[in-house]
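I opened this structure to note how its parts meet and which local features stand out. My entries follow.

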Amino acid sequence: MSSLHPETRAVHLPSPPLNGSTPIAVPLYQTSGFVFDDPAVFADGMGRPDGAFVYGRLSNPTVRALEDAVADLEGGVAAVTAGSGMGAINTVLFGLVRSGDHVIAQAALYGATAAALTDLENRFGVSVTYVPQDDPAAAREAVRPETKLLYLESIANPMTQVADLPGMCAVAREAGLISVVDNTFASPVLCRPLEHGADIVVHSMTKYLSGHSDVLGGIAVFADDALHRKVWAYANTLGATLDPFAAWLTLRGMQTLPLRMARHCDNTRLLATRLAGHPAVDAVHWPGLSSHPSFGLAAKLLPDFGAVFSFDLAGGRAAGERFMSSVRLALLAPSLGGVETLILHPATTSHRSLTAEELARSGISEGTVRVAVGIEHPEDLWADFVQALEA
Ligand SMILES: *Cc1c(COP(=O)(O)O)cnc(C)c1O
């Protein structure tokens, strides 16, 4: 990683040179494959991730520029992209875990990731133990001879628990496990898990990295070449490949990532703080508030606290539903990380398949609203929230 700041590195992306000049923006290479003069170069490119470009499922110059840019921001050596965040997560899991292996994962997990681990258990003979994301002693206790991998999320959804990355990754290192961290909610602007000892960082680039709610993508960034090569080879087998146009849109969005994150976090601080003082609100869950169980850890690990938060309406489910139908500016939608503020009601949407008991265990109430804060003027957002709370 160069000595320049992330704000600068995100803007100055290297472009492939042409005859005597270089395009300012990384061009879109919308091609499925490449033509060779030399059969030896063709053969060599098939076998390694850093050879000549051969075929779109193996690599593409636009996709490679994105992989290099995210690897640089995360402080990794190389990356593998996929057509969605889940594509990247499954490429890593299926590329590294085999039947008979044991996985330790944090209990609070993104829903589709939890489903992928359940699938590994039920259909592929992998066992999984769940531990709190901030309890290295519990993780150490869970290690078995056949344990292969530790899976964490830097900031979890929707209650925004923060993982003890240094403590948990140290356990993985001692036990010889591969540690994987989903860094989607923090982005490399707020957290670089490889600096805390992780081996692999995964992202849904659909969220902050692309930032404009117009593209799906995923990426895995590696601390070392051997793991990268292994997962790269498996990505070619699995075929969850990222399209060059999606890579191009993501690169374009990423140039403003540091700028957007700063505004996302500032807006969130204002909304979370004011909501915490509103009589219609029972609790606000954001690690930047001293009332949040992860506040101490977050203050130690993160320069700011992210732009997703949840709050519990005092009026329960009815109040939750009323709020959802009363907002005018915030949009009712899944996902997060785009420039526009999105809200959802977990009990009736993202977490509707959970039983009342499972809901309670994950800390979600019937009146919980999740907010993914955008980059609008914060006073416009606050005015919208106030009118919806008072509706
Ligand atoms: C959205 C998301 C994913 C899945 O990414 P997709 O691009 O939707 O496949 C994984 N992890 C986290 C934390 C996410 O927010």
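**Domains**

I started with the spacing of the two domains in this predicted model. The centres of domain 1 and domain 2, taken over C-alpha atoms, are 26 Å apart. Domain 1 covers 39–254 and domain 2 covers 257–390. I then looked up who takes part in the contact. Domain 1 brings 32 residues to it, and domain 2 brings 34 residues.

Next I checked the area. About 2600 Å² is buried between domain 1 and domain 2. Carbon and sulfur atoms give 67% of that area. Which three residues of domain 1 supply more of its buried area than any other three? I found Met 159, Leu 190 and Tyr 208, with 30% of the area that domain 1 buries against domain 2.

I looked for charge pairing across the boundary. The count of salt bridges between domain 1 and domain 2 is 0. Polar contact does occur there: I noted 12 residue pairs, with both residues at pLDDT 80 or more.

Then I sorted the domain 1 side by element. Helices α7 (165–175), α8 (187–190) and α10 (244–254) each supply at least two residues of the side that touches domain 2. Which element gives the most? I have α8 down for that, with 4 residues. By class, I wrote down 17 nonpolar, 12 polar and 3 charged residues for this side of domain 1.

**Backbone oddities**

I scanned the backbone next. The peptide bond from Asn 157 to Pro 158 is cis, and its omega is near -10°. Pro 158 sits in the loop between β4 (147–153) and α7.

Two serines also went into my notes. Ser 213 is not a glycine, yet has a positive phi of about 55°. I placed Ser 213 in the loop between β6 (200–204) and β7 (218–222). Its relative accessible area is 46%, so I list Ser 213 as partly exposed.

Ser 335 also has a positive phi, about 75°, without being a glycine. Ser 335 belongs to the loop between β10 (331–332) and β11 (342–344). Ser 335 has a relative accessible area of 30%, so I list this serine as partly exposed.

**Helix α13**

I turned to helix α13, residues 316–326. Which of its residues are buried? My list reads Ala 319, Gly 320, Phe 323, Met 324 and Ser 326. I then asked what these buried residues pack against. The partners are the strands β9 (308–313), β10, β11 and β12 (368–372), together with helix α15 (378–389).

**Salt bridges**

My search of the whole structure gave 16 salt bridges. I followed three of them.

The first entry is Arg 48 with Asp 44. Their side chains meet at 2.6 Å, N to O. Arg 48 is partly exposed at 30% relative accessibility. Asp 44 is partly exposed as well, at 32%.

The next entry is Asp 119 with Arg 123. The side chains form a salt bridge at 2.9 Å, N to O. Why do I call the spacing about one helical turn? Asp 119 and Arg 123 are 4 residues apart in helix α5 (residues 111–124), so about one helical turn separates them. An α-helix has 3.6 residues a turn, so residues three or four places apart point the same way. I also checked exposure. Asp 119 is partly exposed, with a relative accessible area of 29%. Arg 123 counts as exposed at 56%, because the cut-off for exposed is over 50%.

The last entry is Glu 379 with Arg 274. Their closest N and O atoms are 2.9 Å apart, and the pair forms a salt bridge. Glu 379 lies in α15 and Arg 274 in helix α11 (residues 257–276), so this salt bridge ties together parts 105 residues apart in sequence. Glu 379 is partly exposed at 36% relative accessibility. Arg 274 is partly exposed too, with a relative accessible area of 31%.

I closed by looking for shared partners. Asp 44, Arg 48 and Asp 50 are joined into one network by salt bridges that share partners.

Notes. Residues are numbered from 1 along each chain as its sequence is written. This is a predicted model: local features need pLDDT of at least 70, side-chain atom pairs count only at pLDDT 80 or more; totals for chains, interfaces and linings use all residues. Side-chain values use heavy atoms; hydrogens and water are left out. Domain bounds come from an automatic or database domain assignment. Contact means heavy atoms within 4.5 Å. Buried area is the accessible area (1.4 Å probe) that two parts lose on being put together, summed over both. A salt bridge is a side-chain nitrogen of Lys or Arg within 4 Å of a carboxyl oxygen of Asp or Glu. A polar contact is a pair of N or O atoms within 3.5 Å; within protein, one must be able to donate a hydrogen and the other to accept it, and residues adjacent in sequence count only if both atoms are side-chain atoms. Ala, Val, Leu, Ile, Met, Phe, Trp, Tyr, Cys and Pro count as nonpolar, Asp, Glu, Lys and Arg as charged, and the others, Gly among them, as polar. Buried means under 20% relative accessible area, exposed over 50%, partly exposed in between (1.4 Å probe, protein chains only).
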